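Colleague: I have just opened this model and would like to understand the words people use for it. Could you walk me through them?

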Protein chains: 8
Amino acid sequence: MKVMILMGSDSDLAVMEGATQVLEEYGISYKMTVASAHRTPELVALMVAEAERKGACCIICGAGMAAHLAGVVASHTTLPVIGVPLDASPLGGLDSLLATVQMPPGIPVATVALGKSGAKNAAHLAAQIIATSDKTLSRKLKAARKRMAREVERKARAAEKHTK
Amino acid sequence: MKVMILMGSDSDLAVMEGATQVLEEYGISYKMTVASAHRTPELVALMVAEAERKGACCIICGAGMAAHLAGVVASHTTLPVIGVPLDASPLGGLDSLLATVQMPPGIPVATVALGKSGAKNAAHLAAQIIATSDKTLSRKLKAARKRMAREVERKARAAEKHTK
Amino acid sequence: MKVMILMGSDSDLAVMEGATQVLEEYGISYKMTVASAHRTPELVALMVAEAERKGACCIICGAGMAAHLAGVVASHTTLPVIGVPLDASPLGGLDSLLATVQMPPGIPVATVALGKSGAKNAAHLAAQIIATSDKTLSRKLKAARKRMAREVERKARAAEKHTK
Amino acid sequence: MKVMILMGSDSDLAVMEGATQVLEEYGISYKMTVASAHRTPELVALMVAEAERKGACCIICGAGMAAHLAGVVASHTTLPVIGVPLDASPLGGLDSLLATVQMPPGIPVATVALGKSGAKNAAHLAAQIIATSDKTLSRKLKAARKRMAREVERKARAAEKHTK
Amino acid sequence: MKVMILMGSDSDLAVMEGATQVLEEYGISYKMTVASAHRTPELVALMVAEAERKGACCIICGAGMAAHLAGVVASHTTLPVIGVPLDASPLGGLDSLLATVQMPPGIPVATVALGKSGAKNAAHLAAQIIATSDKTLSRKLKAARKRMAREVERKARAAEKHTK
Amino acid sequence: MKVMILMGSDSDLAVMEGATQVLEEYGISYKMTVASAHRTPELVALMVAEAERKGACCIICGAGMAAHLAGVVASHTTLPVIGVPLDASPLGGLDSLLATVQMPPGIPVATVALGKSGAKNAAHLAAQIIATSDKTLSRKLKAARKRMAREVERKARAAEKHTK
Amino acid sequence: MKVMILMGSDSDLAVMEGATQVLEEYGISYKMTVASAHRTPELVALMVAEAERKGACCIICGAGMAAHLAGVVASHTTLPVIGVPLDASPLGGLDSLLATVQMPPGIPVATVALGKSGAKNAAHLAAQIIATSDKTLSRKLKAARKRMAREVERKARAAEKHTK
Amino acid sequence: MKVMILMGSDSDLAVMEGATQVLEEYGISYKMTVASAHRTPELVALMVAEAERKGACCIICGAGMAAHLAGVVASHTTLPVIGVPLDASPLGGLDSLLATVQMPPGIPVATVALGKSGAKNAAHLAAQIIATSDKTLSRKLKAARKRMAREVERKARAAEKHTK
């Protein structure tokens, strides 16, 4: 397992699959499970220990509201922790964004965008971290970036038809 | 000890003394110490265990930024946990307020106002909780409330001199 | 009656039933009714007096917009007052959250999360307050916390099937 | 007395004198005093009764944080109530603004700007309300508006020297 | 005509009818029309002049986004101007609320709540202003307030059936 | 081509057509295409170069979330750049608005309103810029402004039927 | 005069001189004066007429709080109007930003950053607009952009000394 | 060089030295320089190329206002990019936070807290990323984490003297 993915509630599964799709495209092995910082603090600690033991390179945490999961995970490990703030309250995710990103000195959480965009980017960031010592993956990332650009260029040509 | 007071950093001491002043006025014993949810998760768990063992009725937690302390304490106990969000970042405390109050179902944090007003109110709330089974303290609370009203009335008479 | 539940409008009933479900699970007696801080200030005072007379341990108040209900109730009693900010305007509940939590020194409102999550947590917090002097309830709370953890663990095992 | 001015704390005096200066310019009699919605609910009710008895045309209320004063006053009277949200917390007055303006249907608070600008405008608005049935005052208001314009024009001429 | 009601766009009609319903209940005559501060500044000035000429006691203005209508109207008159911020953009009405309430010293806008609640309260406030010199209307307002309280009490009795 | 219109994603097409409709009404030639500041930085530079080469008078950029497109375009040209912040995240467009408007000294982005209103106004602003050296277009703009006023006046007459 | 600069109050002079410095660097003639949308609506209209008569290419408007000045100016002209939101209230300029940028379709305001950065950029944007039909100025803008880059490069070399 | 540190302006130097202090404690080599996304887009591209050529493992970017620097850097590389939002405007850093974190799918920026706390954490995160393939550094990180805990414990003992 190269990446451990934790989420605070199984209602976050559909959003967090944005991360697993990207990891699978890159051929990166992962374990995804539920672990609540508040309801199961011991389970969180166990999952962090498992991630470290099995050689994970980083831990992705998705949580909403007072999103403490990434911070609690970060307090148990020196692996890079990636936080995905989820939009799970009437406040539009401002609560989870601030609760994830505003970590005190010494215990960083690498925070990405709110919701599904963030879940995907958590996986892209995990891949970038692994690629710092994996030349093959690094090449894959560069190739994917080029495909992404070509995809935009294709859409650009389609959109240009509107020109008058 | 009836109340355990934790704060995330010793830079919060001056603000959290708003709580100890009120507890002392009510003659409520307390222990105040520093315990960081992120830098010392084990110390936090130890302090919660000590609070439970020594018969504390509630735990007051003051923290700023991504204020996880109250939530992490609440995950370790079923004692009432009172959260004081502190204004410790350029965002005016909106980060700590949302990170403290927006707890998921099952693990409440009784959140009070930002900063020193909140630190004082955390102690007033702790006293109210203890007073639910302590008639003497309950009478003290009612007396204090009356003194508070008389104090406002005194200020009202002073302010009325501005009338024209 | 151990808990009085007030809400500012009967349109809040569905949300505030999040509180009654939890109280019923714990076997805590309650009275739930409507009392508007602005339209029926006398009724609010009467309800507070009834709560005190009948031995309630705390008062839960749910209100939206400029949510004054919890603060007005708190001005009439030294019982712990729990405020549930409701999401009842285009501002996503930021108005009711700030109007509930930012109480001045001396008159605390124990504020919980916005909406149904908060209604449930208001009841959990009420139970925690009552349990400070009720060993049987305290044991129930600890048992419920364990069930909650086991439920998350069950979901964790289901989610792990997504691992690759 | 034509206008009753209440403020939640005597620390608001300097700001609320923005209102008394304007009232004095218009020759409108007023009473200014302190009355806390939370610490002295009875005093607030007494002051409202005094305002009605003495023929006040409106009540100005200045308060910060969870600013309930104007709303509580409005719940006791059908006189126009003018709310001045004060900037008294780290949130820049967003708390008092929302707690003052977002009143439920049936109980309006005429809310003006934050802080001293708002205190002045509360008095201007009070004067406008009184002027709806006072031709002399109405003429004074129009004259004052013209002086205001001439004052801006004077400043305009000074500023034009910067032209190049 | 006692009240002029202006709105920035005819798409605001359904919301602003919250005001006309209340005015009709009180038997207050009004004129409601559309006048855009930005697209028809002359029409706005004409409408203000008509309001003054026909003896209106106040002008209600509903507008969304950068809601300048109330402020522009206030710049043309010394009649009380009531601003209803409308929720007409993705920002939940925060834009129109701030653009309406934060008026500079000398030119107040009496701002009420966002949307339909605010439209209703604009009419209640208009009635309160008119009632400062109309005893009959003043009695109607007090009677309406009592009916409102009885309505809440009726709902309270219905809600109490949920008590256990 | 007088105006180049870029958008960060083809999912923004429907909103950005608000701009093309207005340009077509004024008879202003344009090219609209997709170019992502983050996925295709070279394509963005190419499009800017094409705009300059073909004599465009300004460049309109629509983007959501961390909306960098307008800023990146502005870094490549001294043509006026108009930014349309799009509402493409749970934060209601506050992210794209701030990311578009808060440019550092020397590199302005002329920012307009969020979403479709902004897309239309981007085109109106582009027309105003072109009209600074095109008398015919300037006359068209004035005529359009008058039609707009007449349209509001027509709606005003319809709305006045609600008067009582 | 090529640019008219208006500000709502002479207290904004120091900030708005950020604009005049830039215009003078580019050798662009301007008139700067004070004109309040709310206190002197006629003066605003006169200034707009003067700007049009004297051949100004655009109008820069700086205002704080409920910043209506740019919108009101835009309602009187089809010249490009540039709005500089000023930070003049406890809300950090969020009020003036939203009141300036969120204009309805048909009446755009080209909004730049808050405060002095925005005042400077208003002038840069004005220069860019004028340069669309002034080749000499266009060359000056490109030269200034290069100087700006060289200045950053110089600072970069100084900062690199911190490298280890 | 293992880490490239870029900042948008040399006025950010004092804050970004929070990052260099931490890197020096860990013995990680770095290059720190200024490169503005808007004023020197070519310099930014050059610095990214230099970082890649010299084997940097990640790039730290500090910027304020419409903070595009991290996003622009991320568009040029597949190395992990760490964004430090700086508090450089009246909006308390909300602008730079949202402009840094809300990146679109495919181009992540690992965002840390606002200001100096964030600058320090950017370096801690960089160290964690490098440590994923550097056992010696990994041990240093764990040792540092323990020292951090002991430091908090020392402060806890000092704070406990306040206990009564």
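**How the chains meet**

Modeller: Gladly! Chain G and chain E meet through 23 residues from chain G and 23 residues from chain E. Please keep in mind that this is a predicted model.

Colleague: What makes these residues part of a contact?

Modeller: Contact means heavy atoms within 4.5 Å. The 23 residues of chain G and the 23 residues of chain E are counted in that way.

Colleague: How much area is buried between chain G and chain E?

Modeller: About 2100 Å², and carbon and sulfur atoms give 67% of that. On the side of chain G, the residues that lose the most area to chain E are G:His38, G:His68 and G:Gln102, together 28% of what that side buries.

Colleague: How many salt bridges are there between chain G and chain E?

Modeller: The count is 0. A salt bridge needs a side-chain nitrogen of Lys or Arg within 4 Å of a carboxyl oxygen of Asp or Glu.

Colleague: And what about chain A and chain E, how do you know whether they touch or stay apart?

Modeller: No contact joins chain A and chain E, and their closest C-alpha atoms lie 11 Å apart. Chain B and chain E do not touch either, with 16 Å between their nearest C-alpha atoms.

**A two-fold pair**

Colleague: Why is the relation of chain A to chain H called that of a two-fold axis?

Modeller: A turn of 180° with a shift of 0.0 Å along the axis lays chain A on chain H, with an RMSD of 0.0 Å. That is the relation of a two-fold axis. The same surface serves both copies, as 100% of the contact residues of chain A recur in chain H.

Colleague: What area is buried between chain A and chain H?

Modeller: About 3200 Å², with 62% from carbon and sulfur atoms. A:Thr78, A:Pro108 and A:Arg145 supply 20% of the area that chain A buries against chain H, more than any other three residues. Here too, the count of salt bridges is 0.

**Inside chain E**

Colleague: Why is strand E3 of chain E called mostly covered?

Modeller: Buried means under 20% relative accessible area, and 6 of the 7 residues in E3(E), residues 58-64, are buried, so the strand is mostly covered.

Colleague: How do you know that E3(E) pairs with strand E4 of chain E?

Modeller: Pairing asks for at least two bridges. E3(E) and E4(E) have 6, in the parallel sense, and E:Gly64 stands opposite E:Leu86 in E4(E). Strand E1 of chain E also runs parallel to E3(E), joined by 5 bridges.

Key:
Residues are numbered from 1 along each chain as its sequence is written. Chains are lettered from A and ligands numbered from 1 in the order in which they are written. This is a predicted model: local features need pLDDT of at least 70, side-chain atom pairs count only at pLDDT 80 or more; totals for chains, interfaces and linings use all residues. Side-chain values use heavy atoms; hydrogens and water are left out. Copies are superposed by least squares on the C-alpha atoms of residues with pLDDT of at least 70 in both. Buried means under 20% relative accessible area, exposed over 50%, partly exposed in between (1.4 Å probe, protein chains only). Helices (H or I, at least four residues) and strands (E, at least two) are DSSP runs, numbered from the N terminus. Buried area is the accessible area (1.4 Å probe) that two parts lose on being put together, summed over both.
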